[in-house]
Amino acid sequence: DPDPLAVKIMDACLVLHAEHTINASTFAAMVCSSTLASPFLVVAAAIGTLAGPLHGGANQRVVEMLKEIERPENVDGWLKNQLSKKKVVWGMGHREYKTKDPRAIVLQKLMVEWAESKGNLSPQFETALRLEEACEAELGPKGVYPNVDYYSGILYTEMGIAPDQFTPIFAVSRVAGWLAHWREQLSDNRIFRPTQIYTG
């Protein structure tokens with residue numbers, strides 16, 4: 001039988017990762033729907049888009065990033081180096097939110113609850129907390145704060161879920177929304193056919 005706390009956390013994660021406006025994977029699903037492709041192919045198109053590291057695959061990159069940093073005391077030097085090279089800090093920033101993603105707030109609380117149930121804070125979570133603090137000082141004035149991906153991967157890792165399962169979990173929570181868009185698209189369909197302005 002699963003741990004009751006793990007059940008509670010997974011249930012919350014599936015709700016938090018559910019359909020969320022016209023993001024990249026939903027847009028891909030709508031474009032695919034407009035061609036009258038089958039719903040299986042619509043979901044496949046959405047999953048392919050979700051898997052990219054700038055979308056649903058970001059939580060895997062967060063976990064890799066935290067492994068690279070290793071310890072909280074390494075955060076300041078790592079962040080300074082990353083920003084000087086104009087490199088991505090995974091799990092930071094969102095196209096819609098200029099404050100901390102409300103879903104990240106819930107996931108952080110769930111991470112604390114999980115840590116307390118196990119009797120210790122993981123080094124990875126401690127590093128994530130320190131990095132968030134450092135990023136708030138450096139990136140907060142630009143409206144860049146943790147998004148939903150920042151804490152989800154850490155939480156899944158602590159629960160013993162392999163990184164290659166992060167995107168499938170995300171997809172499970174989104175599939176109902178993708179299919180709702182598929183049905184809506186078919187109710188008044190017109191194929192997506194953007195135009196281009198050529199310069200060159």
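Biologist: How far apart, N to O, are the side chains of Arg71 and Glu73 in their salt bridge?
Modeller: This is a predicted model, so the value is computed from its atoms. A salt bridge requires a side-chain nitrogen of Lys or Arg within 4 Å of a carboxyl oxygen of Asp or Glu. Arg71 and Glu73 meet that rule, with an N to O distance of 3.0 Å.

Biologist: Is Glu73 buried or exposed?
Modeller: Its partner Arg71 is partly exposed, at 41% relative accessible area. The cut-off for exposed is over 50%. Glu73 has a relative accessibility of 58%, so Glu73 counts as exposed.

Biologist: Which residues do salt bridges with shared partners join into one network?
Modeller: Lys100 and Glu132 form a salt bridge at 2.8 Å. That pair links the loop between helix H5 and H6 to helix H7. The network joined by shared partners consists of Glu70, Arg71 and Glu73.

Biologist: How many residues apart are Lys118 and Asp3?
Modeller: The two form a salt bridge, their closest N and O atoms being 3.6 Å apart. Lys118 lies in helix H6, and Asp3 in the segment before helix H1. Along the chain, Lys118 and Asp3 are 115 residues apart.

Biologist: Is Arg174 buried or exposed?
Modeller: Arg174 sits in helix H9, residues 166-187. Beyond its neighbours within four places in sequence, its contacts include His17, Glu19, His55 and Arg103. Buried means under 20% relative accessible area. Arg174 has 3%, so Arg174 is buried.

Methods:
Residues are numbered from 1 along each chain as its sequence is written. This is a predicted model: local features need pLDDT of at least 70, side-chain atom pairs count only at pLDDT 80 or more; totals for chains, interfaces and linings use all residues. Side-chain values use heavy atoms; hydrogens and water are left out. Helices (H or I, at least four residues) and strands (E, at least two) are DSSP runs, numbered from the N terminus. Buried means under 20% relative accessible area, exposed over 50%, partly exposed in between (1.4 Å probe, protein chains only). Contact means heavy atoms within 4.5 Å.
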